[in-house]
Amino acid sequence: MSEQTPERPTAPEASNRQRRVVVVDDHAMFRSGVKHDIGPYVTIVGEGEDAPTAVEAVLRTDPDVVLLDVHLPGGGGIEVIKQVHAKSPEVKFLAVSVSDAAEDVIGVIRAGARGYVTKSISAPELVEAIGRVADGDAVFSPRLAGFVLDAFSGAIDIASIDEDLDRLSQREREVLRLIARGYAYKEVAKELFISIKTVETHVSSVLRKLQLSNRHQLTRWATDRKLV
């Protein structure tokens, strides 16, 4: 009896090539990298660099899945979801962000996204996630799924998080998360491409708005709310 060659697994393009995808991110190099890595396996039909261009691209191309960065100029990812779903509620969004903060995860899920993964995801994993979201499943990076479960169980006070964070600007939130993770002012400045003096100004503003006295209280505040 002749030896049979084992059957090869289905190639990603066989099941996902028909998926129509819009890539939304404010960094052109990231968009280019994503398109290069997943382009052989899905059909890229559009892209956006901020909220207005993202909404226009999605409504024009009617994709199966939108890969959406959370923090965008012109209103952010949540605003993109709201505007698109007001006209095309069937469009599915998968958030792909560098942020793993609870308020970002919960915010976009509440807005209507079907999943949330971090930018450390590999290309094959992202292609698989696109297929699952297109089919109606929800997809989360393992740690981020815990935030959603905590929100439903009441372990995270979502109303409190929203009310407090609404007082802060987007830049203040970024500074808050880095300080709470133990970054020195110099490291925060380097990470966000701003001056140390600007970091100090943002920290003072955050402490004032949240009625906290020092960075130790700030760290405890953020940790208690699972923002880091």
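A residue counts as buried here when its relative accessible area is under 20%. The model shown in these views is predicted.

**View 1. Strand 3, covered on both faces.** Strand 3 spans residues 65-68. Val65 and Leu67 lie on one side of the strand, Val66 and Leu68 on the other, and all four side positions are buried.

**View 2. Strand 3 and its partner strands 1 and 4.** Strand 1, residues 20-24, pairs with strand 3 in the parallel sense over four bridges. Within this pairing, Val24 stands opposite Leu68 of strand 3. Strand 4, residues 92-97, also runs parallel to strand 3 and is joined to strand 3 by four bridges. Here Leu67 has Leu94 as its bridge partner. Between strand 3 and strand 4 the chain passes through helix 4, residues 76-87, in a right-handed β-α-β crossover.

**View 3. The sheet and its edges.** Six strands form an open sheet in the order 2-1-3-4-5-6, with parallel pairing. Strand 2 (43-48) and strand 6 (139-140) each have a single partner strand, so each is left with one side that has no neighbour in the sheet.

**View 4. Strands 5 and 6 with helix 5.** Strand 5, residues 115-118, and strand 6 run parallel and are joined by two bridges. Gly115 stands opposite Val139 of strand 6. Helix 5, residues 102-111, packs on the sheet and touches strand 4, strand 5 and strand 6. The direction of helix 5 makes about 150 degrees with that of strand 5.

**View 5. Helix 6 across the sheet strands.** Helix 6, residues 123-134, lies across strand 1, strand 3, strand 4 and strand 6. Helix 6 runs at about 150 degrees to strand 4.

Definitions and conventions:
Residues are numbered from 1 along each chain as its sequence is written. This is a predicted model: local features need pLDDT of at least 70, side-chain atom pairs count only at pLDDT 80 or more; totals for chains, interfaces and linings use all residues. Side-chain values use heavy atoms; hydrogens and water are left out. Buried means under 20% relative accessible area, exposed over 50%, partly exposed in between (1.4 Å probe, protein chains only). Two strands pair if DSSP finds at least two bridges between them. A crossover is right-handed if, with the strands pointing away from the viewer, the path from the first strand over the helix to the second runs clockwise. Contact means heavy atoms within 4.5 Å. Axes are lines fitted to C-alpha atoms, for helices over the stretch in contact, and angles run from 0 to 180 degrees between N-to-C directions.
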